[in-house]
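This report looks at charged side chains, their burial and their partners, and then turns to a small sheet and a histidine in a loop. The sequence and the structure are shown first.

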Amino acid sequence: MNILLLVSAFNGLTQRAWCRLRERGHTVSVELASTHEDPDTLTAMVQGAAPDLILCPFLKHRVPADVWQKWPTVIIHPGPIGDRGPSSLDYAIMDRESQWGVTALSAVEEMDAGPVWAWRLFPMPSEPAAKAALYNGAVADAAIECIDEVVAKAADPKFRPQPQEELPRPVAGATTRPFMKRDQRQFSWTQPAAEIVRRIRAADSAPGVRCDIEGQTVHVFDAAVGQARTHRFRPGTIVGRGGDAIAVATGTETVWIGQVKRPRDLGGDGIKLPATAVFDDASLPELAVPSRLRETTYTREGDVGVLTMRLYNGAMSTAQCRRVKSALDEALAQDTRVLVLRGSDEYFSNGIHLNVIDAADDPAAEAWANINAINDICTALVSCTDQLTIGAFTASAGAGGVMLGLACDVVVAREGIVLNPYYDMGLYGSELHTYTLPRRVGAGTAARLLHDKLPIDAAEAARIGVADAMGPRDARTFSTWLGDLAQSYADPRWHAETLETKVRTLRKTHPPEYFAAAELAEMAKDFFDDRDGFSAERAAFVGKHPPVETPAKLAPHRWSFA
């Protein structure tokens, strides 16, 4: 089929759908609705694409009637049958729904009211998930299943979608609700910690919840319940810090906050930053961070060690890179045969921390420190000859985060995740990619990936050699599969053979530091001379500025239209 993805942004779900549909042989193009103020212009672009089917995996804009009346247009709505409105997941988390769903429905004049093509239900986690984690996990999985079904039904000339009124409503709480406003999200620090955390997670990663901490009005994100507080602290008082997070007293326990943003409407920069970058009080006591916010954890089972990174939105600041490097050094010093480097179920890594860089007094100097710090991690992995390392993409990754995983000896990816080997950000790239990527896929494929800067899913990564294997989609099943794989590599025969091959490869080429130095020479020009517009690209990313047009590489229909 010729399929057009009409979306508000080329987000993670859209990328996943784009990869899957292309992998299955369809011709797929993308049109960003956000770049069209005039409905007639959008309609003309759709006309140029001449699609057999229009899919809208992530659409906040209204589809012009001239579009949905002429072409089959299917909206992927993150709610069960009967649910309508732009804040579906926010309400589902706030209202403690035990199950939720995704519905594929035809675009019609009334939002989310069209007849149904497909639907899926899934259980909600017992502990409230962050909205972004829910969206990128259970919602995305259900959405992809719905998209598969829609494409199959679109090929059947006899199929007709069913009106919602004729279908059962499996979730009682599914109804029409308006956009959730700021005052509906607010809380008091005197409330129980669990209720505060639920409200914050329902607004994470956007828009966050506005509140006052120590006299400052901020938006808070990345929350977890901490230990019972001592009652000598007034609710709303910062009582400690750990890593990038702060602990705030509540009516019961403490609530840990990992990220905050000073709102622009009150004179702030509007940049989401680690909490300690805004509340930087060195006199606060260092406290044990709750496991949910812990940056790294190390476990061991026999000859296999597992180092898990937990990075909010996948970003790694200079300080975070140094802490991860310290944890890696400790893990590599153990007497295990195999070390697994993995991410959380939500994120692996997206490389250097653009928000922290943009907020720095000297962004170029901060970017330089950041890239050197992440390169130190990559160099340690590539240079290690005592343990076999396995890089496990437990979740999607981008830019330097992809190359960080490729610094390991064996690379595996969970089904459904998406890898973006660098973005159009005005950067040459580093993280030893000039060594690791060609070694895996060959010079030609490496050059194509770096030039195109397009996403690949786990299936394609395994097919072209970016990954050695693809594991199961379910996160728990993947962890079990990964553990079994790691134990197999701990077998003395496999272990010795693989490490001997690595040593021979390292001896045949320049040392890792050579590749890092050559890459850094290019990155210095990008950071300090801004030769390819990194400053403007970074500011647009951090400020969430919408693109002015759909990138040509996503929209081949534009060439035929022109």
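A residue counts as buried when its relative accessible area is under 20%, as exposed when that area is over 50%, and as partly exposed in between. The model discussed here is predicted, and the burial classes and distances below are computed from it.

**Salt bridges**

Side chains of opposite charge can pair when their charged atoms come close. The structure holds 37 salt bridges, and three of them are set out in the table, with the N to O distance and the relative accessible area of each partner.

| Salt bridge | N to O distance | Arginine | Acidic partner |
|---|---|---|---|
| R84 and E110 | 3.0 Å | R84, 12% | E110, 48% |
| R241 and D280 | 3.5 Å | R241, 12% | D280, 59% |
| R440 and D468 | 2.7 Å | R440, 15% | D468, 45% |

Where do the partners R84 and E110 lie? In the salt bridge between R84 and E110, R84 belongs to the loop between β4 (73–77) and α4 (88–94), while E110 belongs to the loop between β5 (99–106) and β6 (116–123), so the pair ties together parts that are 26 residues apart in sequence. R84 counts as buried because its relative accessible area is 12%, whereas E110, at 48%, is partly exposed.

R241 and D280 form a salt bridge across 3.5 Å, N to O. This pair links distant parts of the chain, with R241 in strand β9 (residues 238–242) and D280 in the loop between α8 (275–278) and β13 (296–301), 39 residues apart. With a relative accessible area of 12%, R241 is buried, and D280, at 59%, is exposed.

The closest N and O atoms of R440 and D468 are 2.7 Å apart in their salt bridge. Here too distant parts of the chain are linked, since R440 sits in helix α13 (residues 433–441) and D468 in the loop between α15 (458–464) and β21 (469–471), 28 residues apart. R440 is buried at 15%, while D468 is partly exposed at 45% relative accessibility. Salt bridges with shared partners also join R16, R120, D141, E145, E149, K153 and R473 into one network.

**A buried glutamate without a salt bridge**

E519, which has its place in helix α18 (residues 512–529), is buried yet has no salt bridge, and the nearest side chain of opposite charge, that of R439, is 11 Å away. A polar atom of the E519 side chain does lie 3.5 Å from the backbone nitrogen of E431. Once neighbours within four places in sequence are left aside, the contacts of E519 are Y428, G429, S430, E431, L432, H433, T434 and Y435.

**A sheet of three strands**

An open sheet of three strands has the order β17-β19-β20 and mixed pairing. β17 (397–398) and β20 (456–457) are the edge strands, each with a single partner strand, so one side of each has no neighbour in the sheet. Strand β19 (residues 418–420) runs antiparallel to β20 and is joined to β20 by two bridges, with I456 in β20 as the bridge partner of L419.

**A histidine in a loop**

Is H36 buried or exposed? H36, in the loop between β2 (27–32) and α2 (39–49), is buried, because its relative accessibility is 13%. The side chains of H36 and T35 are joined by a polar contact of 3.4 Å.

Notes: Residues numbered from 1 in each chain as written. Predicted model: local features only at pLDDT ≥ 70, side-chain atom pairs only at ≥ 80, totals over all residues. Heavy atoms only, no water. Helix = DSSP H or I, 4+ residues; strand = E, 2+ residues; numbered from the N terminus. Buried < 20%, exposed > 50% of the residue type's maximum accessible area, 1.4 Å probe, protein only. Polar contact = N/O pair within 3.5 Å; in protein donor to acceptor, adjacent residues only side chain to side chain. Salt bridge = Lys/Arg side-chain N within 4 Å of Asp/Glu carboxyl O. Pairing = 2+ DSSP bridges. Lys, Arg positive; Asp, Glu negative; His and termini not counted. Contact = heavy atoms within 4.5 Å.
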